Amino acid sequence: SDLDKGAYPFYMLKEVDEQPAVLRRLLQNYQGDDQQFAFEADMMKTLLASDRVYIVACGTSYNAGWIGRSLFEKLAKIPTEVHLASEFAYDLPLLSEKPFFVFLTQSGETADSRQALVKVNELNYPSLTITNVKGSTLSREASFTLLLHAGPEIAVASTKAYTAQITLMAMLADALRAAKGFEASFDMERELSLVASIMESILAEKAEIKAWIDANLMETRNAFYIGRTLDYYVSMEAALKLKEISYIQTEAFAAGELKHGTIALIEEGTPVIALVSEETVGAHTRGNVEEVKARGANAIVISMQDVAREGDTFVIPKVETALSPLVMVVVTQLLAYYTALGRGLDVDKPRNLAKSVTVE
Ligand code: G6P
C-alpha cells in the first residue's frame, strides 16, 4: 500500500522513485478535452482577471515557488512574486490592484502559511492552495484548491511533492497561456511525458550516483551548489535537501554572486556542485566553476545533454529548458539520500525537523 515501505530501507527513496508515476497521474487527472489541461472555470476566470500572482510558501514548497514564478511569467506572461510565508504576514509587500495568491503547501497545515492566508482572507483577496492533502486547513480556507495527487509523503525531506508542485504549476501556466491566446512554444503534455521517462532513466543510474558520492561527499563538512536562473532555484532545493538529511552545511548561490563574498569559503577539496542545464547562462556558470577550481574546490558539474562538456560528472538527457528543474532535482535528491545513508543517519527522520510545522 501507499503507507508501506515495501522493500525500501527508507520512505525517502520510495518517494523519489515514485516521481515519474506521480507526474503521469497528474497529467491524467488534469487532462481535459481538445489538448487542453482542465482547471475549474471559476478559478481560471479569477486568475485571468488578476494582474499579479503572489506565491507564498515555506521550505521545499517555497523553493518550488521560484520555478512556478518562472513558468507563470515565461509561459503565461503573468507577473509573479515569491514570498516566504513566515515573513509575508508581518511585512506585507505593496500589493498590485488585483492580486491572486497561490499557497504551496504539501501538508496544507503549515502554521506560517496559514497565518499568511488568514491575512489574505482578511483583505478579501482570491487565493489558491496547491496541496497534497484533501480537506487540509489551507485547502478549506482558500478560495480554490488543486490537489497534487502524489500519495502520502512520509519522509520529512520532501521530494515528490516538490516535483508534483512544479508539474501542476507547469500545466496551470500552460492552460493560462492558452486561455490568453498565446502560442505554445512547446507541447506541454508531450514534454512532461518525456520528463517522466527521463526521470526513470536517472533513477536507473542510482549505483553510479552512489559510487560517486562515496568518493566525494562522505567526509566533507560543507558544500556548495551553484547555478544561474532555473539552475539556481534548483540549487536552493538541492542544498536544503543535502543539509537537512546529511547535516553537511550546504549553501546555494547564484553562480555569479559567489565571487562577491562567498568564494572566501572555498578551501582545498570543498565540494562545489554546479548545475548546468542551459547554454547561455551555463557558459557563465562554467566560468565560475573554473574560478572555484583555481582555489582548490572539488568541482562537480551536473549538466544536460546538449550543453554537456567532456569531464562533466553527470549528464542528463535533454528536456525542454522550462522543465529542466524536474529532472535536475532528481540527481540532487539521490545525492542527498545516499550521503545521509552512507553516514548512517536516519534518512526519514532527521534531527530537529518535523514533517509539518504547526507552530509559527
Ligand atoms: C516543514 C518540512 C519541510 C517542508 C515545510 C513546508 O518544515 O520539514 O520539508 O518543506 O515544512 O511544508 P508544507 O507542508 O507547507 O509544504
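**Two parallel sheets, a nonpolar core and a ligand shell**

Strand 9 (residues 298–304) and strand 10 run parallel to each other, paired through 3 bridges. That pair belongs to an open sheet of 5 strands, ordered 7-6-8-9-10 with parallel pairing. There's another open sheet of 5 strands to look at, with parallel pairing and the order 2-1-3-4-5. Keep in mind that this is a predicted model.

**The 7-6-8-9-10 sheet**

- At the edges you'll find strand 7 (249–254) and strand 10 (314–316), each of which pairs on one side only.
- Neighbouring strands here are turned by 20 degrees against each other on average, ignoring direction.
- For a spot to click on, try S303, which sits opposite V315 in strand 10.
- Helix 11 (residues 230–246) packs on this sheet and touches strand 6 (222–227), strand 7 and strand 8 (271–276). The direction of helix 11 makes about 175 degrees with that of strand 7.
- Helix 12 (residues 279–294) lies across strand 6, strand 8 and strand 9, and runs at about 170 degrees to strand 8.

**The 2-1-3-4-5 sheet**

- Strand 2 (80–84) and strand 5 (144–147) are the edge strands; each has a single partner strand, so one side of each goes without a neighbour in the sheet.
- On average, and with direction ignored, neighbouring strands of this sheet are turned by 20 degrees against each other.
- Strand 1 (residues 52–57) is joined to strand 2 by 5 bridges, and the two run parallel.
- V53 is the residue standing opposite T80 in strand 2.
- Helix 6 (residues 111–122) lies across strand 1, strand 3 (99–105) and strand 4 (127–131), running at about 160 degrees to strand 3.

**The nonpolar core**

- The largest nonpolar core takes in 121 residues, and the members touching the most others are F103, V195, V272, A274, V327 and V331.
- If you skip neighbours within four places in sequence, F103 is in contact with V56, A57, S113, L117, S127, T129, I130, L138 and A142.

**Around the ligand**

- The ligand is surrounded by 16 residues, with G59, T60, T105, S107 and T110 the closest.
- Helix 4 (residues 59–76) supplies the largest share of that shell, 3 residues.
- By type, the shell splits into 10 polar, 5 nonpolar and 1 charged.

Technical notes: Residues numbered from 1 in each chain as written. Predicted model: local features only at pLDDT ≥ 70, side-chain atom pairs only at ≥ 80, totals over all residues. Near = placed C-beta within 6 Å. Helix = DSSP H or I, 4+ residues; strand = E, 2+ residues; numbered from the N terminus. Nonpolar A, V, L, I, M, F, W, Y, C, P; charged D, E, K, R; others polar. Core = buried A, V, L, I, M, F, W, Y, C linked by C-beta atoms within 7 Å. Buried ≥ 20, exposed ≤ 12 C-beta atoms within 10 Å, placed from the backbone. Contact = placed C-beta atoms within 7 Å. Pairing = 2+ DSSP bridges. Axes fitted to C-alpha atoms, helices over the stretch in contact; angles between N-to-C directions.
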